[in-house]
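Student: Please take a close look at one part of this structure: the enclosed empty space inside it. Say how far the model can be trusted along the way.

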Amino acid sequence: MVSKFIRFTLLSVFCIFCFQGWGQNIQKHYIAKVLPDGTLYHTMPVTLFENNEAGNLTFDLTYKQNSKTVTLNFTYFTKQPFPADSVQFVHDATTLSGVVWKLYIEPDRKVWKHRYTLSEKFEKFAPFFSNDGTVEAIVYSAGSVCHYKMKQSAWSSYAPVGFKIFEMIEINEKSNKQQDKHTLENSPVTIK
């Protein structure tokens with residue numbers, strides 16, 4: 001009898017731990033701040049790309065409610081200064097690309113640290129984080145190219161989180177638009 005109880009308890013504890021992994025906990029990966037003119041979403045910096053000769057590429061994303069664009073800030077390292085003029089983040093059929101704006105370039109021990117920003121349409125981001133295929137970041141500098149390959153294990157664990165964050169933002173956007181429409185339709189109109 002005691003043996004059955006212990007087996008049942010152990011099995012229950014095991015199932016609880018197994019099923020906790022099924023859902024993605026995205027809360028530690030982003031910050032949402034409600035401002036008077038809309039909610040601001042910001043993802044925490046994540047390093048998903050590497051170049052064996054140059055170093056890693058880290059990025060974070062910022063989106064402001066109703067803005068239609070996402071700001072992608074990224075930091076990459078090279079052995080020599082490599083000022084970027086444009087970048088591409090390629091994931092199968094989805095490409096995030098464009099001219100970049102320099103935030104800074106500075107020495108960091110034996111390498112150079114570069115920080116840039118790029119704005120892209122909101123609707124391109126959720127498909128970008130689908131888990132299938134390969135992803136690459138390509139930094140362009142005056143005709144030269146530096147490739148950053150994805151870290152497979154890091155991408156596999158982060159892609160569902162990134163997808164879920166953009167799914168959440170999209171649901172909140174739709175909900176806010178429906179709420180605004182309902183408020184307009186049901187608010188009393190005063191004619192003077």
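**The cavity, in context**

Tutor: Start with confidence. The model is predicted, and the protein has a mean pLDDT of 83. Of its residues, 79% reach 70 or more. Confidence is highest in strand β8 (residues 101-108), at a mean of 97. It is lowest in helix α1 (residues 2-20), at 43. Over residues 8-22 the pLDDT falls below 50. That stretch makes zero contacts in the model beyond near neighbours in sequence. Where pLDDT is low, the predicted coordinates should not be read in detail.

Now the empty space. A search of the whole structure turns up one cavity of 30 Å³ or more. Its volume is about 40 Å³. Which residues line the largest cavity? Tyr 41, His 42 and Thr 43 do, along with Leu 61, Thr 62, Tyr 63 and Val 70. Ile 165, Phe 166 and Ile 169 complete the lining. Three elements each give two or more residues to this lining: β2 (38-43), β4 (55-64) and α3 (152-186). By residue class, the lining has seven nonpolar residues, three polar and no charged.

Last, the aromatic rings. The protein holds 19 aromatic pairs with ring centres within 6.5 Å. Take Phe 74 and Tyr 76. Their ring centres lie 6.1 Å apart and their planes meet at 20 degrees, so this pair counts as stacked; the cut-off for stacking is under 30 degrees. Phe 74 and Tyr 76 are both buried.

How values were computed:
Residues are numbered from 1 along each chain as its sequence is written. This is a predicted model: local features need pLDDT of at least 70, side-chain atom pairs count only at pLDDT 80 or more; totals for chains, interfaces and linings use all residues. Side-chain values use heavy atoms; hydrogens and water are left out. pLDDT is the predictor's confidence in each residue, from 0 to 100. Helices (H or I, at least four residues) and strands (E, at least two) are DSSP runs, numbered from the N terminus. Contact means heavy atoms within 4.5 Å. Rings of Phe, Tyr and Trp (its six-membered ring) pair if their centres lie within 6.5 Å; planes under 30 degrees apart count as stacked, over 60 as edge-to-face and the rest as tilted. Buried means under 20% relative accessible area, exposed over 50%, partly exposed in between (1.4 Å probe, protein chains only). On a 1 Å grid over the protein atoms alone, a cavity is a set of points where a 1.4 Å probe fits but cannot get out, and a pocket is an open set with protein on both sides within 12 Å along at least five of seven lines; lining residues have an atom within 4 Å of a point. Grid points are joined across faces, edges and corners, and a volume is the space filled by probe spheres set on the points. Ala, Val, Leu, Ile, Met, Phe, Trp, Tyr, Cys and Pro count as nonpolar, Asp, Glu, Lys and Arg as charged, and the others, Gly among them, as polar.
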